[in-house]
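Trainee: I would like to take a close look at a single part of this protein, and I would be glad of a careful, connected explanation. Here is what I have in front of me.

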Amino acid sequence: MASNVEKLSKFNSAINHYAESQREKILKDIADFQERELKETAEHAKIESDRLLVKELAEMRDRIIREMSHREMDSRRELLAKRQEISNKVFERAEKALVEYTKKAEYASLMERYAANIAKLLTEPGTVVYVKSGDEKFKEQIEKAFGSAVTITIDKKIKIGGLRAENVAMRLVADETLDSILASKRGWFEENSGMAVV
């Protein structure tokens, strides 16, 4: 009978040994699974953190670029406004100097020259010559330049001086006003003043 107890003991021992080996195998599998999961989670977390970092850096770069662009636009706007202000002051001074010039004796010969230039273009009768208020005193010189009767009319749009004429029959207008000459210099001034905004 002892052999049965021995057999039973050996059987029991074999079962316990098998159970223990299965337990160790299961624990090892669990440890391997946990290690794999932990490694995958760490890799996933690194990928996500890298992606988030790249995204954050891109957003920060875009934000900085936008801010710099806005600052540059604001600076350009300020420079353009300052340039316009300086340009306006220059042309206001030029206009005042030209108005002062129209009060000098040399202005009469300028009016004669302008009238002669326009008379070469507007040769048909019916020419109307426009002058600023006060310049109608040059009526004789203007009529002499045209060699025929012309109508001289005051034009409130002419503020500095000179004259403008039109002939409806010829469908021509000629402008020799100091106003238009000064206005035509604005483009030249902006290009050559050295105040370009780049």
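In which strand is Leu172 found? Please describe that place and what surrounds it.

Mentor: Please keep in mind throughout that this is a predicted model. Leu172 is found in strand E4, and a good way to understand that position is to look at the strand, then at its partners, and then at the residues around them.

Strand E4 covers residues 172-177 and runs antiparallel to strand E3, which covers residues 162-167, with six bridges joining the two. As an example of this pairing, Ala165 has Ala174 of E4 as its bridge partner. The two strands form a hairpin with four residues between them, and in that hairpin Arg171 takes a positive phi near 55 degrees. This deserves a moment of attention, since most residues other than glycine have a negative phi. Arg171 is a residue other than glycine with a positive value, and it lies in the loop between E3 and E4. With a relative accessibility of 76%, Arg171 counts as exposed, because the cut-off for that word is over 50%.

Leu172 itself has a relative accessibility of 36%, and therefore counts as partly exposed, a class that lies between the 20% limit for buried and the 50% limit for exposed. If we leave out residues up to four places away in sequence, Leu172 touches Leu121, Leu122, Ala165, Glu166 and Asn167. It is also instructive to compare sequence with space here: Leu172 and Ala119 are 53 residues apart in sequence, and their C-alpha atoms are 12 Å apart.

One of the residues that Leu172 touches is Leu122, which is found in the loop between H2 and E1. Leu122 has a relative accessible area of 2%, so it is buried, the limit being under 20%. Once its neighbours within four places in sequence are set aside, Leu122 is in contact with Thr127, Phe146, Ala165, Glu166, Asn167, Met170, Leu172 and Ala174. Notice that Ala165 and Ala174, the bridge partners described above, both appear among these contacts of Leu122. Leu122 and Val168, for their part, are 46 residues apart in sequence and 9.9 Å apart in space, C-alpha to C-alpha.

From Leu122 we can step back to helix H2, which covers residues 106-121. Its 16 residues should span 22 Å at 1.5 Å a residue, and its end C-alpha atoms are 24 Å apart, which agrees. The buried residues of H2 are Tyr107, Ala108, Leu110, Met111, Tyr114, Ala115, Ile118 and Ala119. When you look at how these positions are spaced, it helps to know that an α-helix has 3.6 residues a turn, so residues three or four places apart point the same way. Tyr114, which lies in helix H2, has a relative accessibility of 7% and so counts as buried. Apart from neighbours within four places in sequence, Tyr114 is in contact with Gly162, Leu163, Glu176, Leu178 and Ile181.

One of those contacts of Tyr114, Leu178, takes us to helix H4, which covers residues 178-192. The 15 residues of H4 should span 21 Å at 1.5 Å a residue, and its end C-alpha atoms are 21 Å apart, which agrees. H4 nevertheless has a kink of about 30 degrees, centred on Arg186. Leu178, Asp179, Leu182 and Phe189 are buried in this helix, and just after H4 Gly194 takes a positive phi of about 80 degrees.

There is a further strand pair to place beside the hairpin. Strand E1, residues 128-131, and strand E2, residues 151-154, run parallel and are joined by four bridges, with Val129 having Ile152 of E2 as its bridge partner. Val128 and Tyr130 point one way from E1, Val129 and Val131 point the other way, and all of them are buried.

Finally, to set this part within the whole, the protein has four helices and four strands, and its elements run α-α-β-α-β-β-β-α from the N terminus on. Its radius of gyration is 49 Å, well over the 16 Å that the globule rule gives for 198 residues, so the protein is more spread out than a compact globule. Its C-alpha trace spans about 160 × 35 × 25 Å along the principal axes, and 20% of its 198 residues count as buried.

Technical notes: Residues are numbered from 1 along each chain as its sequence is written. This is a predicted model: local features need pLDDT of at least 70, side-chain atom pairs count only at pLDDT 80 or more; totals for chains, interfaces and linings use all residues. Side-chain values use heavy atoms; hydrogens and water are left out. The expected span of a helix is 1.5 Å times one less than its number of residues. The bend at a residue is the angle between axes fitted to the seven residues ending there and the seven starting there. Buried means under 20% relative accessible area, exposed over 50%, partly exposed in between (1.4 Å probe, protein chains only). Two strands pair if DSSP finds at least two bridges between them. The radius of gyration is taken over C-alpha atoms; the globule rule is 2.2 Å times the number of residues to the power 0.38. Contact means heavy atoms within 4.5 Å.
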